Amino acid sequence: MDQISDSAVHAARDLRVVFSRLRRRIREVAQDADLTPSQESALSLAGKHGAATASALAAAEGVRPQSMATTLAALEQHGLIRRAPDPDDGRRQLVTLTDTGRARIAGNRQLREEWLARAFQDRFADEERQTILTALELLERLSQP
């Protein structure tokens, strides 16, 4: 196995730390006081998956089905999701977002994007933003298979 350079190890560690902090900060921007982080995460997951069973959402989130059931019950009380019988298997229920749930996700996404754009505008000069864009082009390679 080839030796990994010190600069590669340093870049990997620093990138992971910065991304973790940035992800946490972005989540805080649109954090709803009336939802827990697990409820926020499940709501977002339901939005990504479309109609899905509670067990499929639990598996995707890496939690026990009982935990997901509790989370979904809270989201249903807030009017953010609905459950309906699965047309292919009446014993199961499919979870979908309500209009209110979709609007909440869209609003949160917009708040996060606006916060990030404003942070770039306020904290970096144009030349620095260009450097960040160049770095992002390079980092895109990490997301490729």
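In the predicted model, strands β2 and β3 (residues 89–97) are paired in the antiparallel sense over 6 bridges. The connection from β2 to β3 is a hairpin through 2 residues. Among the facing positions, Asp86 has Asp89 of β3 as its bridge partner, and Pro85 stands opposite Gln93 in β3. Strand β3 also pairs with β1, again in an antiparallel arrangement, through 2 bridges; here the bridge partner of Thr53 is Leu94 of β3.

Together these strands make up an open sheet of 3 strands in the order β1-β3-β2, with antiparallel pairing. Strands β1 (52–53) and β2 (81–86) stand at the edges, and because each has a single partner strand, one side of each is left without a neighbour in the sheet. In general, strands of a sheet pair through backbone hydrogen bonds, in either a parallel or an antiparallel sense.

Helix α2 comprises 13 residues (residues 37–49). The distance from its first C-alpha to its last is 18 Å, close to the 18 Å expected at 1.5 Å a residue. Within α2, the residues Gln39, Glu40, Ala42, Leu43, Leu45 and Ala46 are buried. An α-helix has 3.6 residues a turn, so residues three or four places apart point the same way. The buried residues of α2 are covered by elements that include the helices α3 (54–61), α4 (65–77) and α5 (99–123), and the strands β2 and β3 also contribute to this cover. Both of these strands belong to the sheet described above. Just after α2, Gly50 adopts a positive phi of about 70°.

The count of aromatic pairs comes to 1. This pair is formed by Phe120 and Phe124, whose rings lie 5.7 Å apart, centre to centre, with an angle of 40° between the planes. The geometry is classed as tilted, because an angle of 40° falls neither under 30 degrees, as required for a stacked pair, nor over 60, as required for an edge-to-face pair. With respect to solvent accessibility, Phe120 has a relative accessible area of 28% and Phe124 has a relative accessibility of 32%. Phe120 is therefore partly exposed, and Phe124 likewise counts as partly exposed, since the buried class requires a value under 20% and the exposed class a value over 50%.

Note on methods:
Residues numbered from 1 in each chain as written. Predicted model: local features only at pLDDT ≥ 70, side-chain atom pairs only at ≥ 80, totals over all residues. Heavy atoms only, no water. Pairing = 2+ DSSP bridges. Helix = DSSP H or I, 4+ residues; strand = E, 2+ residues; numbered from the N terminus. Phe/Tyr/Trp six-rings, centres within 6.5 Å; stacked < 30°, edge-to-face > 60°. Buried < 20%, exposed > 50% of the residue type's maximum accessible area, 1.4 Å probe, protein only. Expected span 1.5 Å × (residues − 1). Contact = heavy atoms within 4.5 Å.
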